[in-house]
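Colleague: I'm new to this one and keep hearing words like pocket and cavity. Could you show it to me and walk me through what earns each name?

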Amino acid sequence: MLFDETQKQPSLFDNIAPKEKEDWNTVKEESSHCKRCHLREGATQVVFGTGSIKSPFMMVGEGPGAQEDLEGEPFVGRAGQLLDRILKAINLNRNDVYITNVVKCRPPNNRQPSVEEMAVCKTWLEKEIKIVKPLFIVLLGATALKGLVEPGGKITRMRGQWLEKNGMLYMPTYHPAALLRDPSKKKPVWEDFKKIQQVLIKKEVGQ
Ligand code: URA
């Protein structure tokens, strides 16, 4: 089932300060001309983050897939539709959260981005984090975990735990595409999102 209707819903966090919106527009525009790595050559466009820049949390995936590359928006393919359903289960829609990726250009044949590509592209992600100033970041899958927290991190071992690095809190969980391949991962992801929901309700972080 598609969740197109969520696209039109106003965000719970719509009260955007003009300065932050302006900064975000500037960075998005700058990123659209980025040629810092070879990924741009094979991609249709740079896929910058989307959603509410006033959201208390950000979700970070790996990189755009075929549909995202065409539409210029993160998580609009099958994995994105599942992500919409997961968000709906905790009473949110995609306009309530800020959604982005470790790399902004689609890697050829959806291969994993290299360590170098992630490092080069990280400047854009860092700028997004600086503007959104999230309370915490949800890491969708192993690539986001490796790119942001722990280069050798194992998602199976580290998911579902609040991690702290350089003053930022992270919640790693499985990537929605992994759930599509292996439905047994749905239960642990639901447990992880219940922890996220608790924090949003109580504004407290715990195990
Ligand atoms: N997978 C990702 O990691 N990001 C997207 O935007 C889409 C699929």
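Modeller: Sure, let's start with the words. On a 1 Å grid over the protein atoms alone, a pocket is an open set of points with protein on both sides within 12 Å along at least five of seven lines, while a cavity is a set where a 1.4 Å probe fits but cannot get out; lining residues have an atom within 4 Å of a point. A molecule sits in either one if more than half of its atoms lie within 2 Å of its grid points. By those rules, the space taken by the ligand is the largest pocket.
Modeller: Keep in mind that this is a predicted model, where local features need pLDDT of at least 70 and side-chain atom pairs count only at pLDDT 80 or more, though totals for chains, interfaces and linings use all residues. Residues are numbered from 1 along each chain as its sequence is written, and side-chain values use heavy atoms, with hydrogens and water left out.

Colleague: What makes a residue part of the ligand's surroundings, and which residues surround the ligand?

Modeller: A residue is near if one of its heavy atoms lies within 4 Å of the molecule. Around the ligand you find Gly61, Glu62, Gly63, Glu68, Pro74, Phe75, Asn101 and His175. By class, that shell has two nonpolar, four polar and two charged residues. Ala, Val, Leu, Ile, Met, Phe, Trp, Tyr, Cys and Pro count as nonpolar, Asp, Glu, Lys and Arg as charged, and the others, Gly among them, as polar.

Colleague: Why is the pairing of Glu62 with the ligand called a polar contact?

Modeller: The term means a pair of N or O atoms within 3.5 Å; within protein, one must be able to donate a hydrogen and the other to accept it, and residues adjacent in sequence count only if both atoms are side-chain atoms. A backbone N or O atom of Glu62 lies 2.7 Å from a ligand oxygen, so the pair qualifies. A polar backbone atom of Gly63 is 3.0 Å from a ligand nitrogen, and one of Phe75 is 2.9 Å from a ligand oxygen. The protein also covers 91% of the 230 Å² of accessible area that the ligand has on its own (Shrake-Rupley method, 1.4 Å probe; for residues, only the protein chains shown count as cover).

Colleague: How big is the largest pocket, and what lines it?

Modeller: Its volume is about 650 Å³, meaning the space filled by probe spheres set on the points, which are joined across faces, edges and corners. The largest pocket has 30 lining residues, with Glu62, His175, Ala177, Ala178 and Arg181 nearest its centre. The largest share of that lining, four residues, comes from α9 (helices are DSSP runs of H or I, at least four residues, and strands of E, at least two, numbered from the N terminus).

Colleague: How many cavities of 30 Å³ or more are there?

Modeller: The count comes to one, with a volume of about 110 Å³. Cys34, Cys37, Cys105, Cys121 and Trp124 lie nearest the centre of this cavity, among 13 lining residues. α6 gives the most to the cavity's lining, with three residues.

Colleague: Where else does α6 show up as a leading contributor?

Modeller: In the second largest pocket, where α6 gives the most to the lining, with five residues. About 260 Å³ of space lies in that pocket.
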